[in-house]
Amino acid sequence: MLIHIFLDDYRHCPAGFVPARNVEECKQLLDSDAVGVLSLDYDLGWGEPTGIEVVKHIVATGSYPQRIFLHTSSPAGRMQMYKLLSEHAPDKVELNNGPMPDALLLERSRAASQNQ
């Protein structure tokens with residue numbers, strides 16, 4: 001089964017995505033299912049592991065999603081995650097240094113409503 005993951009401790013999870021509110025939830029989802037789209041936040045709450053830990057996990061396990069987006073508002077966090085992914089991700093992985101476009105959000109929302 002192909003899932004789509006939205007990692008964020010605060011923002012609303014878009015329709016058609018599985019929410020992951022922390023690093024451990026996200027890593028469990030990555031390890032259990034094939035992932036089509038992964039959208040990552042960096043800051044996940046005071047004292048909590050950050051999105052870079054998810055990126056390190058992806059690199060270490062080789063379990064790359066088909067498409068990765070970085071929706072974080074942290075410029076330094078985005079730069080760290082993008083750098084590590086761009087150095088290691090296979091060519092087949094679509095890496096985006098920014099948030100998901102509205103067209104993709106609409107597509108996932110429509111697909112989710114059709115599957116209900």
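This report walks through the sheet, the cores and a few individual residues of a predicted model.

## The sheet

A good place to start is the sheet, which is open and built from five strands in the order β2-β1-β3-β4-β5, with parallel pairing. At its edges stand β2 (18-20) and β5 (94-96); each has a single partner strand, so one side of each is left without a neighbour in the sheet. On average, neighbouring strands are turned by 20° against each other, direction ignored.

As general background, strands of a sheet pair through backbone hydrogen bonds, either parallel or antiparallel.

## Strand β3 and its partners

Next, look at β3. This strand is mostly covered, with six of its seven residues buried. It pairs with β1 in the parallel sense over six bridges, and in that pairing L7 stands opposite L40 of β3. From β3 the chain crosses through α2 to β4, and this β-α-β crossover is right-handed.

Strand β3 (residues 34-40) also pairs with β4 (residues 67-70), again in the parallel sense, over four bridges. Here L40 stands opposite L70, while S39 stands opposite F69. Helix α3 (residues 75-88) lies across β3, β4 and β5, and runs at about 160° to β4.

## Two nonpolar cores

In soluble globular proteins, nonpolar side chains tend to be buried together. What does that look like here? The largest nonpolar core has 26 residues, and the members that touch the most others are I5, C26, L30, L38, L40 and V54. At least two residues of this core come from each of β1 (2-7), α1 (23-32), β3, α2 (51-61), β4 and α3. A second core, separate from this one, has seven residues, including C13, V37, F69 and L104.

L40 is worth a closer look. Once its neighbours within four places in sequence are set aside, L40 is in contact with L7, V54, V55, I68, F69, L70, H71, T72 and M81. Two of these contacts have already appeared in the sheet: L7 stands opposite L40, and so does L70 in β4.

## F17, a loop residue

Where does F17 sit? Its place is in the loop between β1 and β2. Is F17 buried or exposed? With a relative accessibility of 8%, F17 counts as buried, because the cut-off for buried is under 20%.

Leaving aside neighbours within four places in sequence, F17 is in contact with H4, I5, F6, V37, M100, L105 and R108. One of these, I5, belongs to the largest nonpolar core, whereas V37 is part of the second one. F17 and S39 are 22 residues apart in sequence, and their C-alpha atoms are 9.3 Å apart in space.

## The cysteines

How many disulfides does the model contain? The count comes to zero. C13 is in no disulfide, and the nearest cysteine sulfur, that of C26, is 11 Å away. A disulfide needs the two sulfur atoms within 2.5 Å, so the distance of 11 Å between the sulfurs of C26 and C13 is too far for a bond.

Both residues have a place in the cores instead. C13 is buried, with a relative accessible area of 11%, and is one of the second core's members. C26 is buried too, with a relative accessible area of 0%, and is among the residues that touch the most other members of the largest core.

Technical notes: Residues numbered from 1 in each chain as written. Predicted model: local features only at pLDDT ≥ 70, side-chain atom pairs only at ≥ 80, totals over all residues. Heavy atoms only, no water. Pairing = 2+ DSSP bridges. Axes fitted to C-alpha atoms, helices over the stretch in contact; angles between N-to-C directions. Contact = heavy atoms within 4.5 Å. Buried < 20%, exposed > 50% of the residue type's maximum accessible area, 1.4 Å probe, protein only. Core = buried A, V, L, I, M, F, W, Y, C linked by side-chain atoms within 4.5 Å. Right-handed = clockwise from strand over helix to strand, strands pointing away.
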